[in-house]
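The following exercises are to be worked through with the sequence and the model in view. Each task is followed by a solution in steps.

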Amino acid sequence: RFNAIMQTLWKHAFCCAVGSRWLAQKVGFAAQAQEAFLGGLLHDLGKLFLLKSLEEVSREERFKGGVIQPVLREVLATLHVEQGHQLMVQWQLPQIYCDIVAAHQQERWDQANVLLAMVRLSNLTCRKLGVGLNRDPSVLLFASVEAQVLGLKETALAELEIIIEDNAKTPVLSH
């Protein structure tokens with residue numbers, strides 16, 4: 001069960017990274033394409049950390065019943081931003097990536113941070129397409145603040161969806 005979730009998280013991170021890199025090139029920030037890729041790859045680091053921690057806890061004798069799926073999803077959803085940001089800071093990673101991890105799901109965010117906007121839009125696109133743990137086909141990318149900040153039209157957003165869908169078909173390496 002944990003391996004399947006891990007594979008889903010890795011696929012989501014990879015697709016978000018590829019989408020972010022593509023967006024950087026598309027909106028005139030090609031020089032920052034690698035930073036966008038790495039930001040997309042790292043944005044949900046807290047989920048990977050929490051999943052590995054819960055996997056270890058579930059192996060303990062007193063928890064032999066395992067972690068219940070709804071509890072696991074709730075822990076990942078509610079704690080991953082804080083835990084991921086703490087890891088980034090502890091590892092002394094560059095502030096641009098710490099900011100992405102800390103704000104990739106916040107309602108209020110620095111709209112002047114173009115890298116963050118790219119990662120947020122890629123993440124939103126993944127959610128719309130169901131690449132990851134959550135699927136919400138009702139997401140309107142064109143109406144998103146992120147698309148507006150980046151100046152993207154519907155055609156470019158459709159291209160982004162295709163890029164992410166194509167990369168979601170790529171097998172993920174086992175951890």
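**Exercise 1: The surroundings of a helix**

The buried residues of α3 are covered by elements that include α1, α2 and α4. The model is a predicted one.

Task: State which residues of α3 are buried, and compare the reach of this helix with the expected value.

Solution.
- Step 1. Helix α3 comprises residues 45–59, which is 15 residues.
- Step 2. Its buried residues are Leu 45, Gly 46, Lys 47, Leu 48, Leu 50, Leu 51, Leu 54, Glu 55 and Ser 58.
- Step 3. From its first C-alpha to its last, α3 reaches 22 Å, close to the 21 Å expected at 1.5 Å a residue.

**Exercise 2: Nonpolar cores**

Task: Determine which elements give two or more residues to the largest nonpolar core, and which gives the most.

Solution.
- Step 1. The largest nonpolar core has 31 residues, and those with the most contacts inside it include Leu 23, Met 118, Val 131 and Ile 164.
- Step 2. Two or more residues each come from α1 (2–26), α2 (33–42), α5 (95–103), α6 (114–129), α7 (145–150) and α8 (154–168).
- Step 3. The most is given by α6, with 9 residues.
- Step 4. Another core, of 11 residues, lies apart from this one, and among its residues are Ile 5, Leu 54, Leu 72 and Leu 133.

**Exercise 3: Two loop residues**

Task: Decide whether Leu 133 is buried or exposed, and whether Gln 92 is buried or exposed.

Solution.
- Step 1. Leu 133 is found in the loop between α6 and α7, whereas Gln 92 is found in the loop between α4 (69–90) and α5.
- Step 2. Leu 133 has 18% relative accessibility and therefore counts as buried, since the limit is under 20%.
- Step 3. Beyond its neighbours within four places in sequence, Leu 133 is in contact with Ile 5, Thr 8, Leu 9, Arg 73 and Leu 76.
- Step 4. Gln 92 has 70% relative accessibility and therefore counts as exposed. Its phi is near 55°, a positive value in a residue other than glycine.

**Exercise 4: Cysteines**

Task: Explain why Cys 16 forms no bond with the closest cysteine sulfur.

Solution.
- Step 1. A disulfide requires two cysteine sulfur atoms within 2.5 Å.
- Step 2. The closest cysteine sulfur to that of Cys 16 belongs to Cys 126 and is 5.1 Å away, so it is too far for a bond.
- Step 3. Cys 98 is in no disulfide either, as the nearest cysteine sulfur, that of Cys 16, is 17 Å away.
- Step 4. The structure holds 0 disulfides.
- Step 5. Cys 16 is buried, at 0% relative accessible area, and Cys 98 is buried at 2% relative accessibility.

Key
Residues numbered from 1 in each chain as written. Predicted model: local features only at pLDDT ≥ 70, side-chain atom pairs only at ≥ 80, totals over all residues. Heavy atoms only, no water. Core = buried A, V, L, I, M, F, W, Y, C linked by side-chain atoms within 4.5 Å. Buried < 20%, exposed > 50% of the residue type's maximum accessible area, 1.4 Å probe, protein only. Helix = DSSP H or I, 4+ residues; strand = E, 2+ residues; numbered from the N terminus. Contact = heavy atoms within 4.5 Å. Expected span 1.5 Å × (residues − 1).
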